[in-house]
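Colleague: I've got a new model open and I'd like to learn how to read it. Can you walk me through some features?

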Amino acid sequence: MNYYNISILGSPLEPFSYHSLENISIGTKVTVHVKTRVLDGVIISTCKKPAFKTNEILEVSSFYFSVKQMELAHFIASYYICSLGDAFALMVPSASTKVAVPKLGKSQIETHTSKIILSSKQKEALAFLQAHKVALLFGDTGSGKTEIYMKYFEEMIQDNKTSIFLMPEISLTPQMSKRLKEHFGDDFVMWHSKLTPLAKKKALAKIYAGEVKIVAGARSALFLPIQNLGLIVVDEEHDESYKSSSRPRYNARDLAIYMGKLYNLHVVLGSATPSLNSYVKFPHFRLKGGHFTAKKSFMYEKSAESLSPFIIENLKDTLEKKEQSIVFLPTRANFKYLLCQDCGHTIKCAFCSVGMSVHQHSRALKCHYCNFTQAIPQVCPECKSPNLTSSRLGTAEAVNNLKEILPQARVEQFDRDVITTANKLKKALKRFNDNEVDILVGTQMLSKGHDYHGVTLAVVLGMDNMLNMSDYRAREKALSSLIQVAGRSGRAKDAKVIVQTFNEDFFANYINKYEDFLEEEKFFRQDLYPPYKKLCRILFAHKNGAKAQQEMRIMQERLLTCKDVEIVGAKKCAIEKVANKYRFEILLRADKSTDIIKAIKVSKVDLAEIDMDPIDFG
């Protein structure tokens with residue numbers, strides 16, 4: 001009889017022991033009983049016969065996790081402090097029935113290499129990226145970063161190597177997919193959460209067969225069983241969507257860098273507004289300017305977040321010239337909160353200590369934390385007053401206002417509330433580029449890699465809300481968002497960018513000098529924040545608030561004995577209650593992540609959930 005330790009996929013529990021008559025390889029995916037349930041697991045190691053009775057392995061599959069995948073899973077489990085089962089659940093296993101990697105014919109390669117012509121500056125950038133194992137391509141919007149990536153992919157194909165092209169989910173545009181498909185044909189596949197099950201199945205079949213040379217996708221593409229991997233490109237590397245908001249709370253950009261070492265391959269980070277972390281840690285190539293010759297002028301309006309007469313006048317002028325505008329807001333839905341003007345009561349979620357957002361499309365209030373939804377009340381639940389108003393402008397409200405003020409304008413909403421599928425995204429972009437829409441109103445989605453041909457006016461609202469967030473990266477995030485949105489305008493003709501802010505000095509100083517901002521930001525972060533310090537957020541959530549607080553206090557006491565780690569704070573979370581659970585947190589700071597990991601291992605309580613390198617402090 002053979003005995004094995006098996007991690008259950010997606011389970012936070014430690015490995016269990018099972019037996020089998022079969023001699024099974026380490027890394028094989030198997031099916032086992034856990035109490036009354038039949039679950040998938042992965043064989044971690046062999047073991048001696050335990051003193052207790054073991055269950056038999058039910059089924060041995062033809063799928064397995066490679067040695068490198070096993071190493072990656074162990075790293076994720078140790079660095080992000082989660083179970084191996086959670087780490088393996090991220091990955092797509094390899095197939096035992098392997099198909100040999102096809103050798104590319106010369107003519108195929110020649111068709112690839114003949115299409116992209118780089119400028120001398122772009123060639124210089126490519127040579128720089130190839131000379132470093134990890135490098136940052138710091139290129140302005142429209143400077144030709146994508147052409148450099150594609151040329152690099154071509155050279156990888158010539159070396160019979162495969163490339164991963166990571167992009168934030170909302171940057172996986174139909175335009176980018178079409179461009180890669182036209183250039184690389186069957187050597188290219190897309191991989192992201194919006195793919196249909198059939199499309200995923202087809203893509204996986206090609207990956208298993210070794211017929212794919214470029215996989216473009218969101219962060220999950222990093223965990224595909226890709227053969228002959230030679231290059232990972234992380235585009236828009238500053239984007240927060242690379243960080244997982246659920247366990248294990250990994251950052252795909254950081255894992256790509258680790259995989260570069262593990263697989264001995266090249267990693268390219270690209271952005272027009274790189275994070276300070278990447279700017280400080282890695283060599284960078286500065287690619288300035290772009291192939292757009294149109295001029296861009298910035299105008300600043302000292303005003304609270306609203307569609308002011310000045311903005312309406314400029315939208316009207318643009319409309320009369322038969323040109324297009326985009327309006328950016330940081331919040332989706334209609335408003336952040338519904339407030340009673342008589343008693344001051346805010347309509348809050350029944351399960352979270354947070355205001356409900358108004359969604360006019362569905363005529364409902366929705367909680368953006370637990371997704372609880374209810375009908376919009378006609379009167380205040382506290383004092384029965386009908387005088388309910390809402391604070392902060394959102395996309396749906398802005399669309400309705402613009403339709404009333406400019407009835408001749410064709411206005412469309414462009415955020416996750418209405419763009420729910422890849423097909424809807426494709427159609428919305430086509431309508432806008434075919435001039436069937438005059439004004440596009442949206443959130444972050446508006447700024448991500450979409451190619452708008454005719455935009456001559458960009459209106460940016462809510463910058464001060466972003467700038468005043470309780471986050472050490474608030475300045476970086478606000479400036480980056482403004483630059484990204486402004487970059488969508490002025491591609492074919494001269495354009496204006498209206499920024500609504502009381503902080504004109506800050507934005508005007510750095511709007512065309514992002515590297516100057518990064519150099520200054522270094523001094524603010526020194527000795528306090530990443531990249532000079534490591535942070536870790538520990539969360540405690542329980543239906544019984546006293547229990548959550550008690551667990552936090554126990555862990556806090558234990559952490560006080562760890563000399564290389566500083567407790568920045570231990571308190572209620574800013575949003576105390578989410579999904580009917582009360583939440584508390586500890587924020588740790590240290591010089592090295594190894595100090596934090598050691599401290600957590602000796603002090604961890606059962607309720608603690610670890611968020612290493614946190615980006616969310618709400």
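Modeller: Sure, and keep in mind that this is a predicted model. Let's warm up with a cysteine: Cys-47 counts as partly exposed, because its relative accessibility is 24% and that class starts where buried ends, at 20%.

Colleague: And how buried or exposed is Cys-340?

Modeller: Cys-340 is buried, at a relative accessible area of 1%.

Colleague: Which cysteine sulfur is closest to the one in Cys-340, and why is there no bond?

Modeller: A disulfide needs the two sulfur atoms within 2.5 Å. The closest cysteine sulfur belongs to Cys-383, and at 3.7 Å it is too far for a bond. Searching the whole structure turns up zero disulfides.

Colleague: OK, on to packing. Which residues have the most contacts inside the largest nonpolar core?

Modeller: Leu-222, Phe-414 and Ile-538 do, in a core of 111 residues. There's also a second, separate core of 28 residues, with Ala-135, Met-150, Ala-216 and Phe-285 among them.

Colleague: What is Ile-538 in contact with, leaving aside neighbours within four places in sequence?

Modeller: Its partners include Met-555, Leu-559, Phe-584, Ile-586 and Ile-610, and also Glu-585 and Glu-609.

Colleague: Now helices. How do α1 and α8 cross?

Modeller: Look at residues 67-79 for α1 and 252-263 for α8: their axes come within 11 Å and cross at roughly 135 degrees. Only angles over 145 count as roughly antiparallel, so α1 is oblique to α8. The crossing is right-handed.

Colleague: Which residues make that contact?

Modeller: From α1, Leu-72, Phe-75 and Ile-76 are among them, along with Lys-68, while α8 brings in residues including Leu-255, Tyr-258 and Met-259.

Key. Residues numbered from 1 in each chain as written. Predicted model: local features only at pLDDT ≥ 70, side-chain atom pairs only at ≥ 80, totals over all residues. Heavy atoms only, no water. Core = buried A, V, L, I, M, F, W, Y, C linked by side-chain atoms within 4.5 Å. Buried < 20%, exposed > 50% of the residue type's maximum accessible area, 1.4 Å probe, protein only. Contact = heavy atoms within 4.5 Å. Axes fitted to C-alpha atoms, helices over the stretch in contact; angles between N-to-C directions. Helix = DSSP H or I, 4+ residues; strand = E, 2+ residues; numbered from the N terminus. Parallel < 35°, antiparallel > 145°, perpendicular 65-115°, else oblique. Left-handed = near helix turned anticlockwise from the far one by under 90°.
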